[in-house]
Amino acid sequence: METILQVKQIEKIYGNKGSITRAIEDISFQVAKGEFVGIMGPSGSGKTTLLNCISTIDNVTSGHILIGKEDITKMKSGQLSKFRREQLGFIFQDFNLLDTLTAYENIALPLTIQRVSPKKIESRIKKLATQRLDIAGVLDKYPYQMSGGQQQRVACARAMICRPALILADEPTGALDSKASRMLLNSFEVLNKSLEATILMVTHDAFTASFAHRILFIKDGRIFNELIRGEDDRKSFFNRIIEVVSLLGGDTNNVL
Ligand code: ADP
């Protein structure tokens, strides 16, 4: 199976001689095309740092990160922004939609920047909006006119529209109620299955994590445990996640 992401023995140290923080000690893992992988870990364990390094926003102190065949730790900043635009899709906790653009314009933005023709843009947006994300009814609305769940599904469409190699989601359900969270995660499942979208998602929430195929648990900048869903249904996987979370010392409500 094609490997989309290879993280090879990365280390990230912040600070200088006086005060040093080893945010990532030693992390290695791979993600195959079409996988949906969750990352969990207590606060301060290095999740954000890991996501920032993979998303090319921050650089590693040592080690390598390959996305497709490209080693992003060797790229120059000009190359990186092009790579980020074309190969990566981002979904954030607070949606990050532009307030002055409609949902349609927000989704179209990455393609407009790439000078894709308006006709092509329209057909791609219509397809995503109606078939996969259930947002056809809000395409003409501005972010303030939409619910949080709708905004996040629009953000999801924006992340998907360029068909990136990898989608990076940082606490995507963090600002949503349980109904909107479930709808978003169902959309992730659909996009993951039908478009073979590869998703890497950081979350502290066991329910959200239970939609993934595999969970990497991080503690003190290292991978502490790995759970693979296999043939389990979502509920059994959720229970297994809760077990590991308890082992890590969290409470099971608002765990990690
Ligand atoms: P998490 O996302 O799991 O809560 P982080 O990746 O944010 O963890 O942080 C891991 C460690 O690195 C923490 O000890 C944090 O204080 C430290 N850290 C994160 N970013 C910086 C930074 N820019 N400068 C110094 N220390 C940092």
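A residue is called buried when its relative accessible area is under 20%. By this criterion, 50% of the 256 residues of the protein chain are buried in the predicted model. The exposed surface of the chain comes to about 12700 Å². Carbon and sulfur atoms supply 47% of that surface.

The protein chain contains eight helices and 10 strands. Its radius of gyration is 18 Å, close to the 18 Å given by the globule rule for 256 residues, so the chain is as compact as a globular protein of that length. Along the principal axes, the C-alpha atoms fill a box of roughly 50 × 45 × 40 Å. Contacts often span the sequence: of those between residues at least 6 apart, 67% join residues at least 24 apart. The chain carries 33 positive and 28 negative charges. The mean positions of these two sets lie 6 Å apart.

The largest nonpolar core has 52 residues. Those with the most contacts inside this core are Ile107, Ile135, Val154, Phe188, Ile215, Phe217 and Ile241. Helix α5 gives the most to the core, with six residues. A second, separate core has 30 residues, including Val7, Val31, Cys53 and Ile54. Within the largest core, Ile215 was examined in detail. Neighbours within four places in sequence were set aside. The remaining contacts of Ile215 are Gly38, Met40, Ala209, Asn225, Glu226, Leu227, Phe237 and Ile241. Ile241 is itself among the core residues with the most contacts.

Helix α3 spans residues 103-113. Its buried residues are Ala103, Asn106, Ile107, Ala108, Pro110 and Leu111. An α-helix has 3.6 residues a turn, so residues three or four places apart point the same way. The cover over the buried residues of α3 includes α4 (118-133) and α5 (148-160). Arg115 follows α3 and has a positive phi, near 60 degrees.

Both covering helices were then followed at the level of single residues. In α4, Arg124 is partly exposed, with a relative accessible area of 21%. That value falls outside the buried class because buried means under 20%. Arg124 is 17 residues from Ile107 in sequence. In space, the two C-alpha atoms are 9.9 Å apart. Beyond its neighbours within four places in sequence, Arg124 is in contact with Leu111, Ile161, Cys162 and Arg163. Leu111 is one of the buried residues of α3.

In α5, Gln151 is buried, with a relative accessible area of 14%. With neighbours within four places in sequence left aside, Gln151 is in contact with Phe95, Leu97, Pro143 and Met146.

Positive phi values also occur in two loops. Thr56 lies in the loop between α1 (47-54) and β4 (62-67). Although Thr56 is not a glycine, its phi is positive, at about 70 degrees. Thr56 counts as buried, at 9% relative accessibility. Asn96 lies in the loop between β6 (88-91) and α3. Its phi is near 55 degrees, again a positive value in a residue other than glycine. Asn96 counts as partly exposed, at 37% relative accessibility.

Conventions: Residues numbered from 1 in each chain as written. Predicted model: local features only at pLDDT ≥ 70, side-chain atom pairs only at ≥ 80, totals over all residues. Heavy atoms only, no water. Helix = DSSP H or I, 4+ residues; strand = E, 2+ residues; numbered from the N terminus. Rg over C-alpha atoms; globule rule 2.2 N^0.38 Å. Buried < 20%, exposed > 50% of the residue type's maximum accessible area, 1.4 Å probe, protein only. Contact = heavy atoms within 4.5 Å. Areas by Shrake-Rupley, 256 points an atom, 1.4 Å probe, with all protein chains shown as cover. Lys, Arg positive; Asp, Glu negative; His and termini not counted. Charge placed at Lys NZ, Arg CZ, Asp CG, Glu CD. Core = buried A, V, L, I, M, F, W, Y, C linked by side-chain atoms within 4.5 Å.
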